[in-house]
Amino acid sequence: MMMPVMYLTRREHFNAAHKLYNPAWSKEQNDAVFGKCANENWHGHNFELFVTVKGSPSPDTGFVIDAKLLSQIISTYVIEVLDHRNLNIDVPFMKDKICSIENLVYGIWHQLLPNMPAGVSLHKIQLVETPRIFVEYFGE
Amino acid sequence: MGEIVSVFREEHFNAAHRLNNPSWTDSKNKEVFGKCNLPNYHGHNYVLIVKVTGEIDDNTGYLIDMKILSDIIKENVLDRFDHKNLNEDVIEFKELNPTAENIAIVIYKLIRPLISELLSLQIRLYETPRNFVEYPAQ
């Protein structure tokens, strides 16, 4: 019998400061492109993170992944690195990158990818910056 | 005599802050405020709900013109707080810890003089979807 494939999503959250700023540009050009997001003294968000993994339920547990284990992985490699931090200054994997949510979701993907348990694949990460703005990344 | 009603206007702003008491040592600040004391700031999507209560004006059917209320909030709060660092960029917090409690009180004091004395005002401020404060308390 073919094992059914399922997607399991874990929702987490973190609060952080950032700014959008390209150091290769003048302040005027940054202000023109990034507007108030370029405020030199930072601003911040309550970010919501949705991590979706793909796999087949284990015959022993019925789980694609133990949701508690997934939470611990996300906590160790993402939340503890980002929560209550300044994303531009405090986060090693954002160093020298423009701190957009596109670049942030890419960084989060690569924090989690090597830490997935056997038999489980990372499928999608959705990162919500405000109730009106979010990005999705599938590893492409 | 008009009926008594409450009207609510919801707005939002995104800002950075940190919690710190400058009269304490670094270790005491860290002990009390935890991650909220980290030096390089963090931030929130604040949701602000302004509640105005009073008698309906018989001439307009309004308690308050919501466009006027919206403009008051925008000019006095959002334009000054949104995409700012509350500690660094907002004068009211130069010497006041920008907790949700204090932010709500500051917003109340900014808006109160701009609304008719016949109307009462209450501020609800969400710092996160799970933490919010109200001022004045009822």
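**Exercise 1. Find out what share of the contacts in chain B with a separation of 6 or more comes from residues 24 or more positions apart, then set out the chain's overall make-up.**

Solution. Start with the contacts: in chain B, 69% of those with a separation of 6 or more join residues 24 or more positions apart. Keep in mind that you're looking at a predicted model.

Next, list the elements. Chain B has four helices and five strands, and they come in the sequence order β-α-β-α-β-α-α-β-β.

Now the dimensions. Along the principal axes, the C-alpha atoms of chain B fill a box of roughly 60 × 30 × 25 Å. Of its 138 residues, 27% count as buried.

**Exercise 2. Do the same bookkeeping for chain A: which elements does it have, and in what order do they run?**

Solution. Count first: chain A has four helices and five strands. From the N terminus on, the pattern reads β-α-β-α-β-α-α-β-β.

Then take the box, which is roughly 65 × 25 × 25 Å for the C-alpha atoms of chain A, along the principal axes. Buried residues account for 29% of the 140 residues in this chain. Finally, 66% of the chain A contacts with a separation of 6 or more involve residues 24 or more positions apart.

**Exercise 3. Work out the strand order of the open sheet in chain A, and say which strands sit at its edges.**

Solution. Step one is the order: the five strands of this open sheet run β3-β1-β2-β4-β5 in chain A, and the pairing is mixed. The edges are β3 (85-86) and β5 (133-137) of chain A, each of which pairs on one side only.

Step two is to look at β1(A) and its partners. Strand β1 (residues 6-18) of chain A pairs with β3(A) in the parallel sense, over two bridges. You can pick out residues here: A:A17 has A:N86 of β3(A) as its bridge partner, while A:A16 stands opposite A:R85 in β3(A). With β2(A), β1(A) pairs in the antiparallel sense over 13 bridges. For an example of a bridge there, go to A:H18, whose partner in β2(A) is A:H43.

Step three is to lay the helices over the sheet. Helix α2 (residues 67-82) of chain A lies across β1, β2 (43-55) and β3 of chain A, at about 20° to β1(A). Helix α4 (residues 101-112) of chain A lies across β2, β4 (121-130) and β5 of chain A, and runs at about 145° to β4(A).

**Exercise 4. Describe how α2(B) and α4(B) cross, and name the residues that make the contact.**

Solution. Get the geometry first. The axes of α2 (residues 66-81) and α4 (residues 100-111) of chain B come within 10 Å and cross at roughly 125°. That angle makes α2(B) oblique to α4(B). As for handedness, the crossing of α2(B) and α4(B) is right-handed.

Now the side chains' owners. From α2(B) you have B:I72, B:I73, B:N76 and B:V77, and from α4(B) come B:I107, B:L110 and B:I111. Sorted by class, the contact residues of α2(B) and α4(B) are six nonpolar, one polar and no charged.

**Exercise 5. Decide whether B:I73 is buried or exposed, and contrast it with helix α1 of chain B.**

Solution. Locate the residue: B:I73 sits in helix α2 of chain B. Then count neighbours. There are 21 C-beta neighbours inside 10 Å, and the cut-off for buried is 20 or more, so B:I73 counts as buried.

Who's around it? Apart from neighbours within four places in sequence, B:I73 is in contact with B:R9, B:E11, B:V50, B:L78 and B:I111. B:I73 and B:L110 are 37 residues apart in sequence, yet their C-alpha atoms are 8.9 Å apart.

Now turn to helix α1 (residues 26-33) of chain B: zero of its eight residues are buried, so this helix lies largely in the open. Just after α1(B), B:G34 takes a positive phi of about 55°.

**Exercise 6. Find how many residues of chain B touch chain A, and which elements they come from.**

Solution. Count both sides: 19 residues of chain B are in contact with 19 residues of chain A. On the chain B side, the elements giving two or more residues are β1 (4-17), β2 (42-55), β3 (84-85) and α3 (86-89) of chain B. The largest share, four residues, is from β2(B). By class, this side has five nonpolar, nine polar and five charged residues.

Technical notes:
Residues are numbered from 1 along each chain as its sequence is written. Chains are lettered from A and ligands numbered from 1 in the order in which they are written. This is a predicted model: local features need pLDDT of at least 70, side-chain atom pairs count only at pLDDT 80 or more; totals for chains, interfaces and linings use all residues. A residue is buried if 20 or more other C-beta atoms lie within 10 Å of its own, exposed if 12 or fewer, and partly exposed in between; C-beta atoms are placed from the backbone. Two residues are in contact if their C-beta atoms, placed from the backbone, lie within 7 Å. Ala, Val, Leu, Ile, Met, Phe, Trp, Tyr, Cys and Pro count as nonpolar, Asp, Glu, Lys and Arg as charged, and the others, Gly among them, as polar. Axes are lines fitted to C-alpha atoms, for helices over the stretch in contact, and angles run from 0 to 180 degrees between N-to-C directions. Angles under 35 degrees count as roughly parallel, over 145 as roughly antiparallel, 65 to 115 as roughly perpendicular and the rest as oblique. A crossing is left-handed if the near helix is turned anticlockwise from the far one by less than a right angle, and right-handed if clockwise. Two strands pair if DSSP finds at least two bridges between them.
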